[in-house]
Amino acid sequence: KEALDEINRALEGGDGSLEVFSAKAQIQFELEQFEDASKSYAKVLSMNPKHAAAKFNLAVCLEKLGRWQEAAEFFEKAAEGEPNRLDTQLGRGICLLHLDKADLAAESFEKVLAKQPEHPTALFGKAVTLQLQWHFDEAARIYESILAKNPNSEECLVNMVTIGMARKDM
């Protein structure tokens, strides 16, 4: 918080450089001030529209704020600048799940799994997309593989119960 106060003093003193706004945004992010950080990252992007880290971090802030559509758009923009960054695909996939766009979310998770076949978040995301598309057997197999490594995964257990209930209704 002291560093943020110092940066605000620098801004009040007329130092409106890209570096100062970037530092402000990062500190706000670390302090979990996501609304303020999103505004600071937007300012960084207004100064340098190609700033890859600002695009990604703005997307994360928007995701934390539950602004799924905006977050998905910024994850997409971040992926254009850094196509090999797996976090952008994960973030995009998670946002698309929240937007009920399982097909598009699946594409993002598949991109991660193509590079890291055992990535736990991507595997879980893929299982959720399969479950939403009523591919229960495939989803259950993935949940079971996750549970084999992490038997206390509440999310997997809940989703397995949900699959079991859906099968009974069929």
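At what angle do helix H4 and helix H5 pack, and how far apart are their axes? Here are some notes to help you find your way around this predicted model.

1. **The helix pair.** To take the opening question directly: H4 covers residues 52-64, H5 covers residues 68-81, and the two pack at an angle of about 160° with their axes 8 Å apart. Angles over 145 degrees count as roughly antiparallel, and H4 and H5 are therefore roughly antiparallel to each other. Their crossing is left-handed.

2. **What lies between them.** From the H4 side, the residues that take part are Lys55, Phe56, Leu58, Ala59, Val60, Leu62 and Glu63. They meet Trp68, Glu70, Ala71, Phe74, Phe75, Lys77 and Ala78 of H5. Sorted by type, the residues of this contact comprise ten nonpolar and four charged ones, with no polar residue among them.

3. **A lysine to look at.** Is Lys55 buried or exposed? This residue of helix H4 has a relative accessible area of 15%, and because buried means under 20%, Lys55 counts as buried. Setting aside neighbours within four places in sequence, Lys55 is in contact with Leu45, Pro49 and Lys50, and also with Phe74, Lys77 and Ala78. Those last three belong to the H5 side of the helix contact described above. For a sense of distance, try Ala102: it sits 47 residues from Lys55 in sequence, and the two C-alpha atoms are 23 Å apart in space.

4. **The nonpolar core.** In soluble globular proteins, nonpolar side chains tend to be buried together. In this chain, the largest nonpolar core has 48 residues. Which of them have the most contacts inside it? They are Tyr41, Phe75 and Tyr143. Phe75 is also one of the H5 residues that meet H4.

5. **Around Tyr41.** Not counting residues up to four places away in sequence, Tyr41 touches Ala25, Gln26 and Phe29, as well as Ala54, Asn57, Leu58 and Cys61. Leu58 appears in the H4 list for the contact with H5 too, so it is a handy residue to select when you move from one region to the other.

6. **The whole chain.** Stepping back, you will find ten helices and zero strands. The C-alpha atoms fill a box of roughly 65 × 30 × 25 Å along the principal axes. Of the 170 residues, 41% count as buried. Among contacts with a separation of 6 or more, 39% join residues 24 or more positions apart.

Methods
Residues are numbered from 1 along each chain as its sequence is written. This is a predicted model: local features need pLDDT of at least 70, side-chain atom pairs count only at pLDDT 80 or more; totals for chains, interfaces and linings use all residues. Side-chain values use heavy atoms; hydrogens and water are left out. Axes are lines fitted to C-alpha atoms, for helices over the stretch in contact, and angles run from 0 to 180 degrees between N-to-C directions. Helices (H or I, at least four residues) and strands (E, at least two) are DSSP runs, numbered from the N terminus. Angles under 35 degrees count as roughly parallel, over 145 as roughly antiparallel, 65 to 115 as roughly perpendicular and the rest as oblique. A crossing is left-handed if the near helix is turned anticlockwise from the far one by less than a right angle, and right-handed if clockwise. Contact means heavy atoms within 4.5 Å. Ala, Val, Leu, Ile, Met, Phe, Trp, Tyr, Cys and Pro count as nonpolar, Asp, Glu, Lys and Arg as charged, and the others, Gly among them, as polar. A nonpolar core is a set of buried Ala, Val, Leu, Ile, Met, Phe, Trp, Tyr and Cys residues joined through side-chain atoms within 4.5 Å. Buried means under 20% relative accessible area, exposed over 50%, partly exposed in between (1.4 Å probe, protein chains only).
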